Amino acid sequence: MPSDATDTTIALADFTFDSARLELRDSSGAPAALRAQALAVLACLALQRGHVVTRDELMRAVWRDVVVTDGSLAQCINEIRHALGDSAHRIVQTVPKRGYRLDADSASSTAAPSAGRGCWRYWAA
């Protein structure tokens with residue numbers, strides 16, 4: 001991970017996401033079972049929480065030079081929602097024809113979101 005990445009911890013429902021370590025932990029401290037790609041997607045959304053992150057931006061950030069379909073991104077979003085118990089899609093919101101947004105009201109942190117800072121430079125593989 002690049003050294004200029006921001007160390008921030010975000011509370012999401014009954015979970016804590018550490019974007020510096022790419023770890024999602026439940027209230028007991030146990031890690032949630034998420035693949036690395038899903039954690040990278042969550043990191044991008046967390047960095048820009050409250051703002052729409054386009055599908056293209058997420059695809060470039062997580063898969064960089066690998067050709068994958070939108071289904072790979074959709075699978076990551078589904079994994080994140082399942083881990084967070086977000087069946088109503090209130091935490092990770094779909095913005096039709098644009099991308100996804102992490103609901104800022106559902107995410108509490110001491111660090112401000114970094115709107116406009118493309119997540120690709122922090123999370124690209």
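How are helices α2 and α3 oriented relative to each other, roughly parallel or roughly perpendicular? In this predicted model, helix α2, which covers residues 55–63, packs against α3 at an angle of about 85°, and the axes of the two helices lie 10 Å apart. Angles of 65 to 115 degrees count as roughly perpendicular, and α2 and α3 are therefore roughly perpendicular to each other. The residues that meet in this packing are Arg55, Leu58, Met59 and Trp63 on the α2 side, and Asp70, Ser72, Leu73 and Cys76 on the α3 side. Sorted by class, the residues of this contact comprise 5 nonpolar, 1 polar and 2 charged.

Helix α3 also packs with α1, the helix of residues 36–47, and here the angle is about 80° while the axes are 9 Å apart. That angle makes α1 roughly perpendicular to α3 as well. From α1, the residues Gln37, Ala38, Val41, Leu42 and Leu45 take part, and they meet Leu73, Cys76, Ile77, Glu79 and Ile80 of α3. The contact of α1 with α3 divides into 8 nonpolar residues, 1 polar residue and 1 charged residue. Leu73 and Cys76 of α3 appear in the contact with α2, and Leu73 and Cys76 are likewise listed in the contact with α1.

From the helices we can turn to a sheet. Three strands form an open sheet in the order β4-β6-β5, and their pairing is antiparallel. Strands β4 (53–54) and β5 (92–95) stand at the edges with a single partner strand each, so one side of each is left without a neighbour in the sheet. Helix α3, which spans residues 70–84, packs on this sheet and touches β5 and β6, its direction making about 145° with that of β5.

The pairings within the sheet can be followed strand by strand. Strand β6, residues 99–102, is joined to β4 by 2 bridges, and the two strands run antiparallel; within this pairing, Val53 has Tyr100 of β6 as its bridge partner. On the other side, β5 and β6 pair in the antiparallel sense over 4 bridges, with Gln93 standing opposite Arg101 in β6. Strands β5 and β6 form a hairpin with 3 residues between them, and in the turn Lys97 has a positive phi of about 65°. In general, the strands of a sheet pair through backbone hydrogen bonds, in either a parallel or an antiparallel sense.

These elements belong to a protein chain with 4 helices and 7 strands, which follow one another from the N terminus as β-β-β-α-β-α-α-β-β-β-α. Of the 125 residues of the chain, 43% count as buried. Among contacts with a separation of 6 or more, 60% come from residues that are 24 or more positions apart.

How far can the coordinates be read in detail? The mean pLDDT of the chain is 83, and 79% of its residues reach 70 or more. Over residues 1–6, however, the pLDDT is below 50, and beyond near neighbours in sequence this stretch has 11 contacts in the model. Residues 120–125 likewise stay under 50, and for them the model has 21 contacts beyond four places in sequence. Where pLDDT is low, the predicted coordinates should not be read in detail.

Notes: Residues numbered from 1 in each chain as written. Predicted model: local features only at pLDDT ≥ 70, side-chain atom pairs only at ≥ 80, totals over all residues. Heavy atoms only, no water. Pairing = 2+ DSSP bridges. Contact = heavy atoms within 4.5 Å. Axes fitted to C-alpha atoms, helices over the stretch in contact; angles between N-to-C directions. pLDDT = per-residue confidence, 0-100. Parallel < 35°, antiparallel > 145°, perpendicular 65-115°, else oblique. Nonpolar A, V, L, I, M, F, W, Y, C, P; charged D, E, K, R; others polar. Buried < 20%, exposed > 50% of the residue type's maximum accessible area, 1.4 Å probe, protein only.
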